[in-house]
Amino acid sequence: MSGEYIIFRGLGHVREDGSHGDLQIKVEIAKTDDFEILQGYGLLSLVKIPYEIMVLGGKVEFMTIDKVKIKFIVPKLSEIGNKVRISGKGLKIKGDPTKRADQIIVLDINIPTEVSDEEIELLEKIKKLKE
């Protein structure tokens, strides 16, 4: 993870006695708005979900850190802040590159900037039902 060192024994500068020192490389992971790195190589992402899917449930497409599109299920009546775990889509685990940590999706609501007349009409009907 960020701040860790990778050490290559005997691949550094030549010392006065002719032996080679160690090459040390410090790992710094660039920050991104799409992914936050968790302890244990997991990833956390905030994903905006259309309000109708937050209420009714459904499948949502998500781009993993490997640039692979996957679909995950948003449960019916989800709330802002609910989390969905996607197993094996986090970072590769140090010491065992065949295993991967999990990707955690934090649900947020996507409020549209524009709505059609039909959508307004339907929302008004829902609003009246709730009164």
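I began with Phe 72. Leaving aside neighbours within four places in sequence, I found Phe 72 in contact (heavy atoms within 4.5 Å) with Val 47, Ile 49, Gly 58, Lys 59, Val 60, Phe 62, Val 84, Ile 86, Ile 105 and Leu 107.

Ground rules, noted early. The model is predicted, so I kept in mind that local features need pLDDT of at least 70 and side-chain atom pairs count only at pLDDT 80 or more, while totals for chains, interfaces and linings use all residues. Residues are numbered from 1 along each chain as its sequence is written, and side-chain values use heavy atoms, with hydrogens and water left out.

**Core.** I looked up the largest nonpolar core next (a set of buried Ala, Val, Leu, Ile, Met, Phe, Trp, Tyr and Cys residues joined through side-chain atoms within 4.5 Å). It has 18 residues. Phe 72 is among those with the most contacts inside it, along with Ile 49, Phe 62, Val 74, Ile 105 and Leu 107. The elements giving two or more residues to this core are β4, α1 (51-56), β5 (58-63), β6 (69-74), β7 and β10. My labels are DSSP runs numbered from the N terminus: helices are H or I of at least four residues, strands E of at least two.

**Sheet.** I then traced an open sheet of four strands, in the order β3-β4-β10-β7, with mixed pairing. Two strands pair if DSSP finds at least two bridges between them. Why does one side of β3 and of β7 lack a neighbour in the sheet? β3 (36-37) and β7 (83-86) stand at the edges, and each has a single partner strand, so one side of each is left free of a neighbour there. Strands β4 (residues 43-50) and β10 (residues 103-110) run parallel and are joined by eight bridges. I found Leu 46 opposite Val 106 in β10.

**Two serines.** Is Ser 45 buried or exposed? Ser 45 lies in strand β4 and is buried (under 20% relative accessible area, 1.4 Å probe, protein chains only; exposed is over 50%, partly exposed in between), at 2% relative accessibility. Its side chain makes a polar contact with the side chain of Gln 103 (3.0 Å). For that term I used N or O atoms within 3.5 Å; within protein, one must be able to donate a hydrogen and the other to accept it, and residues adjacent in sequence count only if both atoms are side-chain atoms.

Ser 19 sits in the loop between β1 (5-8) and β2 (23-26). Ser 19 is partly exposed, at 25% relative accessible area. The side chain of Ser 19 makes a polar contact with the side chain of Asp 17 (2.6 Å). Beyond four places in sequence, Ser 19 touches His 13 and Val 14.
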